[in-house]
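Colleague: Could you take me through this model and tell me how each label was earned? I would like to see the reasoning as well as the names.

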Amino acid sequence: MHWSFPYLRQKWAEEHDCFYWFFHVQRHVFNRIVPYAAGESAKKHALELLQWKRQHWLDTASPVDGDAVIMMQPARPSDPYHIGVWCDGQVLHAQQGCHIALETIPQLQIKGWTIRSLLTYA
C-alpha cells in the first residue's frame, strides 16, 4: 500500500488544517521535524515555514516525494497560504472543508490554486 492512502480518508478541520497534515506527513512518513503549533493560524504557519525554509528547504524544479508544495489562490486573498506534499507527481493536500485529496497540477489549477514554491528538504 502506498504511504499516501491512509491520508485520503482524513478530513480537514480547524485543528487539522493543511499545515497540520503537512507536519504529520513530514514527521510520520519522512521522519522530518517541521515546526507546528496547534491553534495557530494557517497564515502564521506559512510565515514560520517560509522563515524555517531558509535553513532546511531549498527551491526545486524537480520535486520528489515528500517535498513541500506551497500554493495560493489569487481569487481568495483572505486565504492566501496553502501547503501540500509532493506525491508521485501529484500533490497530497487538505483543502478547507474537504477530505485530503491527491491531485495533479492541472486539477489544482482548475480549482484555482497556483503553485507558489516547490521546496525540497536539504
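**Labels and the values behind them**

Modeller: Gladly, and let us begin with E103, which is buried, with a relative accessible area of 7%. Please keep in mind that this is a predicted model.

Colleague: What makes E103 buried?

Modeller: Buried means under 20% relative accessible area. E103 has 7%, so E103 counts as buried.

Colleague: And why is K111 called partly exposed?

Modeller: The relative accessible area of K111 is 42%. Partly exposed covers the range between 20% and 50%, so K111 belongs there.

Colleague: How do you know that E103 forms a salt bridge with K111?

Modeller: Their closest N and O atoms are 2.3 Å apart. The cut-off is within 4 Å, for a side-chain nitrogen of Lys or Arg and a carboxyl oxygen of Asp or Glu, so this pair qualifies. The structure holds one salt bridge.

Colleague: Let us move to the strands. How do you know that β1 and β6 pair?

Modeller: Three bridges link β1 (residues 57-59) with β6 (residues 114-121), in the antiparallel sense. Pairing needs at least two bridges, so these strands pair. Within β1 and β6, L58 stands opposite T120.

Colleague: What makes β2 and β6 a pair?

Modeller: Here five bridges join β2 (residues 68-72) to β6, and the two run antiparallel. At least two are required, therefore β2 and β6 pair as well. A68 stands opposite L119 in β6.

Colleague: Now the interior. Why is the largest group of 21 residues called a nonpolar core?

Modeller: A nonpolar core is made of buried residues of nonpolar types joined through side-chain atoms within 4.5 Å, so the members of this set meet that rule. W3, Y7, F22 and I83 have the most contacts inside this core. Two or more residues come from each of α1 (18-28), β2, β3 (82-87) and β4 (90-94). The largest share, seven residues, comes from α1. Apart from this core lies another, of seven residues, including W86, V91, W113 and L118.

Colleague: Last, the backbone. What makes N31 stand out?

Modeller: N31 has a positive phi of about 55° although it is not a glycine. Most residues other than glycine have a negative phi. N31 is found in the loop between α1 and α2 (42-56). Its relative accessibility is 68%, and exposed means over 50%, so N31 is exposed.

Colleague: Where is D88 found, and what is its phi?

Modeller: D88 is found in the loop between β3 and β4. Its phi is near 50°, a positive value in a residue other than glycine.

Technical notes:
Residues numbered from 1 in each chain as written. Predicted model: local features only at pLDDT ≥ 70, side-chain atom pairs only at ≥ 80, totals over all residues. Heavy atoms only, no water. Helix = DSSP H or I, 4+ residues; strand = E, 2+ residues; numbered from the N terminus. Buried < 20%, exposed > 50% of the residue type's maximum accessible area, 1.4 Å probe, protein only.
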